[in-house]
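Here's a quick tour of a two-chain structure, written for someone who would rather look than read. Have the viewer open and follow along.

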Amino acid sequence: MREFIGEILENRNLNNKIFLLKVKADIGDCIIYPGQFAMLLISDTFDPFLRRPMSFYDVSENRIVFLYQIVGRGTELLSRKKGREKISFIAPLGNYFPLLKEREKILLLGGGMGISPLNFLISFYKDKVDFYSFLGFSSYMPEEVYENFSKYSKEMIISTEDGSLGYKGKILDFIPEDLYSFSKIISCGPLPMLKELYKRVDKKDKLIFSLEERMACGIGICLSCVVEGKDKMLHICKEGPIFSALEVSFNE
Amino acid sequence: MSNLEVKVGSLTFKNPILLASGTCGFGRELMDYYDINILGGIVTKSITLKPRKGNPPPRIWESYAGILNSIGLENPGVEKFIEEESPFLENLNTHVIVSIAGEKEEEYCEVAKEIKDLKISGIELNLSCPNVDEGGMLFGIDLETVKEITRKVVDISDKPVWVKLTPQAIDILGLTKAVKDSGGEAVVAFNTFLGLAIDWRKRKPAFKRIFAGYSGPAVKPLVLRQVWELYEENILPIIGCGGVTSFSDVMEFILAGASLVEIGSANFRDPWIGMKSVQELESYFETEKLIDLIGFAHKNKEEV
């Protein structure tokens, strides 16, 4: 991993508090895999002090895309950055989704901004893998955000909590009853959604999560971003962010 | 002799830059970013007798120009530390200071005994962690306990012993004298400041343990003031630690009277900060010697 200084191509408000940030950066021979993340520097001054972790939404040659929502002061300041501004990020960090085989049957379940790493996954394999995508949002989302899912999924279902796009309701209500036919179930989104999915899937070895937690360093030295493992604490930035459901302990 | 060389007690450092405990793990992670042998040394994550899981998340919360943390001394325990981490540390070509923490006085002694034969440079007693229910900071605010633990560990270990102080202690000068009387070779000023954050949307404290440790550039002036006062008393060498984010911060600490400087939270923002600071010192001290500038600002105070 290295520090890259990218140039912002655009930082566009899509809807509500959701933004798409496109950055041009010369990543050279650096390989970035779906599921990995970057630590973005919000300010050259020391306030905010920490970088912000963000999954890759898409990477193609020297164009890197992040999808984010304003959740606090850091992302609020990030949203004010304009085209042509420089931005520093350390990448690629963390592990990545298991490599998929051709024609593997995969269920993707994304909630909110959790669709971000799944989008990179689908744009990485395109139609080589049989993706069945289930995306849930709280409210309307422009098509641009889920374009790759529409293009490359065998089947795609979207739901919103307010019914402004797709079905009305929680996306978990729309996934198939029979999950046995999928070779892997890959999910990223709010913790309650992941926990509910965990309960529903019997074969835990098929279930893969991308997790998040408040992070300070992103490189395994601060020990902030922990999730309870089976017999020890797991660090999301270092041992993750991608985990098999077998590793994590979701019992409360 | 290099222009950056500094002697603290019985140890000689090739330069004054150390990484603070809890901000560089056991050194290995940062090796992916630069060769940490360029540093004057590193202070390990605190080791306790038994493994500790640490506190539940959230463990970190940002505040203006700083962070609150409540990690809770997560560490593998001394046995695993010796087995898994010490081989790497013993082969480093820089000083490795092992930080020790405990809930009971005896725990510090037990850990010191266990690591007695390791090829490490010294011990930093964490008598200042604010994020645990027993020991840590609660020991560090009590003069008698500081004396007792320091003396016992000094007796057990043949390695130099430093004490990392808490800024929550009232009598910093008294504590430093106590460390000296007990055979300690230096004090580290400071661990984090006890602070609080409220998650106003949820209308509750951000952290499970309510209070947490505040660090980062915001605390630098507070720490510098204490380093200045400690230097005037000339009791023990001072290792400055608090909000160092750049070469100029390092210089401020040296000029105020710190012999060494520990970089903490800044590693989280910029993993290369230690290396960069050493390189900038190297170019600044091309002709002068750094030791001549330790506490130098005191000489110039009349000229302000």
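How far apart do the C-alpha centres of domain 1 of chain A and domain 2 of chain A lie? They sit 23 Å apart. Before going on, note that this is a predicted model, where local features need pLDDT of at least 70, side-chain atom pairs count only at pLDDT 80 or more, and totals for chains, interfaces and linings use all residues. Residues are numbered from 1 along each chain as its sequence is written, while chains are lettered from A and ligands numbered from 1 in the order in which they are written.

**Chain A: two domains**

The domain assignment (bounds come from an automatic or database source) splits chain A into domain 1 (2-93) and domain 2 (105-210). Their contact takes 13 residues from domain 1 and 14 residues from domain 2; two residues are in contact if their C-beta atoms, placed from the backbone, lie within 7 Å. On the domain 1 side, the elements giving two or more residues are β1 (2-15), β5 (58-60) and β6 (63-69) of chain A, and β6(A) has the largest share, with 3 residues. Strands here are DSSP runs of E, at least two residues long, and helices are runs of H or I, at least four, all numbered from the N terminus.

**Where the chains meet**

Chain B gives 27 residues to its contact with chain A, and chain A gives 19 residues. On the chain B side, β5 (60-63), β6 (66-69) and α8 (266-269) of chain B each supply two or more.

Here is how three of these contacts break down by class. Ala, Val, Leu, Ile, Met, Phe, Trp, Tyr, Cys and Pro count as nonpolar, Asp, Glu, Lys and Arg as charged, and the others, Gly among them, as polar.

| Contact | Nonpolar | Polar | Charged |
|---|---|---|---|
| Side of chain B that touches chain A | 12 residues | 8 residues | 7 residues |
| Side of domain 1 of chain A that touches domain 2 of chain A | 7 residues | 5 residues | 1 residue |
| α2(B) with α4(B) | 6 residues | 1 residue | 4 residues |

**Chain B: a barrel and a helix pair**

In chain B, 8 strands close into a barrel with parallel pairing, in the order β3-β4-β7-β8-β9-β10-β15-β16; strands pair if DSSP finds at least two bridges between them. For instance, β3 (17-19) and β4 (41-43) of chain B pair over 2 bridges, and B:Leu18 has B:Gly41 as its bridge partner in β4(B).

Helices α2 (105-114) and α4 (143-156) of chain B pack at about 20 degrees, axes 9 Å apart. Axes are lines fitted to C-alpha atoms, for helices over the stretch in contact, and angles run from 0 to 180 degrees between N-to-C directions. So α2(B) is roughly parallel to α4(B), a label for angles under 35 degrees.

How values were computed: Parallel < 35°, antiparallel > 145°, perpendicular 65-115°, else oblique.
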